[in-house]
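Visitor: I have a chain to look through with you. Can you put it on the screen?

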Amino acid sequence: MLRHKAYKFRIYPNKKQQVLIAKTIGCSRFVYNHFLALWNEEYAKNKKGLSYNACSAMLPKMKQAEATHWLKDVDSIALQSSIRNLADSFSRFLKKQNNKPVFKSKNHPIQSYKTKNGNNNIELKGKCIKLPKLGLVKCAKSRELKGRILNATIRKHASGNYFVSILCEEKIEVLDKKIVPIGIDLGVTNFAILSDGRKIDNNRLTSKMEKKLKREQRKLSRRALVAKENGTILSEAKNYQKQKRKVARLYEKVVNQRNDFLNKLSTEIIKNHDVICIEDLNIKGMLRNRKLAKSISDVSWSKFIAKLKYKAEWHSRAIIKINRWFPTSQLCSACSHQDGKKPLHIREWTCPKCQAHHDRDINASKNILKEGLRLHAQNLS
């Protein structure tokens with residue numbers, strides 16, 4: 001089965017390549033914002049945007065114009081990709097799938113551009129990667145690419161680190177059938193409680209780094225204040241920019257640790273279970289609770305569910321979502337007796353009907369599994 005799969009590598013461009021990357025990102029942003037302004041004008045007049053073909057036809061004239069002739073210096077495919085991204089965003093907006101596209105800012109923590117593969121102008125060569133216009137760039141190659149390379153996205157993070165994401169079309173081998181269903185109850189104290197009795201620890205990556213982050217952010221604020229007193233623009237204040245990169249590197253480390261944890265856990269679950277039952281949580285609503293918002297953000301339930309979904313699709317596994325209002329904590333998983341709501345501090349309870357003793361979270365995950373299997377059987381029939 002052919003699927004799209006992305007490979008991410010860190011790259012180490014030299015000074016000349018860094019300048020060209022910055023130029024390409026700037027030109028891509030300029031083209032996107034220029035055509036978004038035209039698109040907005042057209043939308044204000046007749047409630048319809050422009051088309052990709054109409055905008056793409058204007059690009060060669062912009063390159064010939066004296067005011068914007070510098071667009072010729074960068075990868076032309078990257079500029080076309082900016083227009084394509086804008087067209088796709090506006091198309092989704094008109095279908096009411098997302099909000100109206102907004103102008104791109106040069107102050108965004110991640111700056112990027114996308115280019116396509118043509119005549120093998122994107123390929124891994126030893127410890128380097130060949131990219132259009134940039135040539136060979138040093139690369140931390142952690143694994144081999146499989147399948148046909150479609151495109152590459154070059155990113156510069158606020159930490160000053162550069163990355164490339166290569167999208168390939170490859171054949172994904174479907175995993176063997178396990179016939180072992182699992183129910184998953186997501187939590188804050190424990191990241192996940194499985195119906196087989198296992199509890200996956202919540203690493204609390206952000207809270208572990210919180211003390212250091214606060215200290216470095218206070219330094220950043222002080223340096224911003226010093227720059228303001230000296231009448232220096234923050235973009236030109238070297239001490240401020242140096243500290244800003246330091247803070248960004250700390251956040252990047254947390255993100256990398258979290259992604260590594262989520263990838264390993266989701267892969268392990270997909271490999272060993274062919275039916276995965278989870279609650280359909282209203283995560284956006286839960287984030288409005290100011291007492292729990294930080295803890296919920298730290299555990300990244302949304303990312304975990306997204307990873308489970310695409311891996312399940314690759315390997316023909318079933319993800320069953322049960323209704324968020326289903327009383328998973330109120331039912332006895334042994335006899336299905338409903339014992340009513342219980343305050344959060346009650347972590348264990350005994351069923352008054354069958355006298356089964358339950359761990360609150362494991363019992364909930366077993367109920368999620370039972371309801372999920374019922375819905376799965378209903379879908380199959």
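Guide: What follows is a walk through this predicted model, from the overall layout to single residues.

Visitor: Start broad. How many helices and strands does the chain have?

Guide: The secondary structure comes to nine helices and 14 strands.

Visitor: What box do the C-alpha atoms fill?

Guide: Roughly 85 × 55 × 55 Å, taken along the principal axes.

Visitor: And what share of the residues counts as buried?

Guide: 41% of the 381 residues in the chain.

Visitor: How about contacts? What share comes from residues 24 or more positions apart?

Guide: 67%, among contacts with a separation of 6 or more.

Visitor: On to the interior. Which residues touch the most other members of the largest nonpolar core?

Guide: That core has 23 residues. Phe9, Ile11, Ile129, Leu131, Leu145, Val164 and Ile166 have the most contacts with other members.

Visitor: Which elements give two or more residues to this core?

Guide: One helix, H1 (15-46), is on the list. The strands are S1 (2-12), S4 (128-131), S5 (135-140), S6 (148-157) and S7 (162-171).

Visitor: Which one gives the largest share?

Guide: S7, with four residues.

Visitor: Pick Ile129. What is it in contact with, beyond its neighbours within four places in sequence?

Guide: Ile11, Val164 and Ile166 are among its contacts. So are Gly135, Leu136, Val137 and Cys139. Glu123 and Leu124 complete the list.

Visitor: What about a second core?

Guide: A separate core of 22 residues includes Phe261, Leu262, Ile276 and Leu308.

Visitor: Back to S7. Is Ser165 in that strand buried or exposed?

Guide: Ser165 is buried, because its relative accessible area is 14% and the cut-off is under 20%.

Visitor: What does its side chain make a polar contact with?

Guide: The side chain of Arg155, at 2.9 Å. Arg155 is also on the list of residues that Ser165 touches, leaving out those up to four places away in sequence. Tyr7, Lys8, Asn151, Ala152 and Thr153 are there too.

Visitor: Helices now. At what angle do H1 and H3 pack?

Guide: About 35 degrees, with the axes 9 Å apart. H3 covers residues 76-94.

Visitor: Left-handed or right-handed crossing?

Guide: H1 passes H3 in a right-handed crossing.

Visitor: Which residues meet there?

Guide: From H1, the set includes Val31, Tyr32, Phe35, Leu36 and Trp39. From H3, it includes Leu79, Ile83, Leu86, Phe90 and Phe93.

Visitor: Where does H2 fit in? What do its buried residues pack against?

Guide: They pack against H1 and H3. H2 spans residues 52-64, and its buried residues are Tyr52, Cys55, Ser56, Leu59, Met62 and Lys63.

Visitor: Why does that kind of spacing turn up on a helix?

Guide: An α-helix has 3.6 residues a turn, so residues three or four places apart point the same way.

Visitor: Different helix: H9. What span should it have?

Guide: H9 has 21 residues, 360-380, so at 1.5 Å a residue it should span 30 Å. Its end C-alpha atoms are 30 Å apart, which agrees.

Visitor: Which residue caps the N-terminal end of H9?

Guide: Asp359. One of its side-chain oxygens lies 3.0 Å from the backbone nitrogen of Asp361.

Visitor: Now H8. Is Ala312 buried or exposed?

Guide: Ala312 lies in H8, residues 301-314. Ala312 is buried, with a relative accessible area of 2%. Leaving out residues up to four places away in sequence, Ala312 touches Ile270, Arg317 and Ile319.

Visitor: How about His315?

Guide: His315 lies in the loop between H8 and strand S12 (318-322). His315 is buried as well, at 15%. With the sequence neighbours up to four places away left out, His315 touches Ile172, Glu173, Val174, Leu175 and Ile270.

Visitor: Last topic, backbone. Which non-glycine residues have a positive phi?

Guide: Asn120 is one, at about 55 degrees. Asn120 is found in the loop between S2 (110-116) and S3 (123-125). Gln355 is another, at about 65 degrees. Gln355 is in the loop between S13 (348-350) and S14 (357-359).

Visitor: Is Gln355 buried or exposed?

Guide: Gln355 counts as exposed, because its relative accessibility is 54% and the cut-off is over 50%.

Methods:
Residues are numbered from 1 along each chain as its sequence is written. This is a predicted model: local features need pLDDT of at least 70, side-chain atom pairs count only at pLDDT 80 or more; totals for chains, interfaces and linings use all residues. Side-chain values use heavy atoms; hydrogens and water are left out. A nonpolar core is a set of buried Ala, Val, Leu, Ile, Met, Phe, Trp, Tyr and Cys residues joined through side-chain atoms within 4.5 Å. Buried means under 20% relative accessible area, exposed over 50%, partly exposed in between (1.4 Å probe, protein chains only). Contact means heavy atoms within 4.5 Å. The expected span of a helix is 1.5 Å times one less than its number of residues. A polar contact is a pair of N or O atoms within 3.5 Å; within protein, one must be able to donate a hydrogen and the other to accept it, and residues adjacent in sequence count only if both atoms are side-chain atoms. Axes are lines fitted to C-alpha atoms, for helices over the stretch in contact, and angles run from 0 to 180 degrees between N-to-C directions. A crossing is left-handed if the near helix is turned anticlockwise from the far one by less than a right angle, and right-handed if clockwise.
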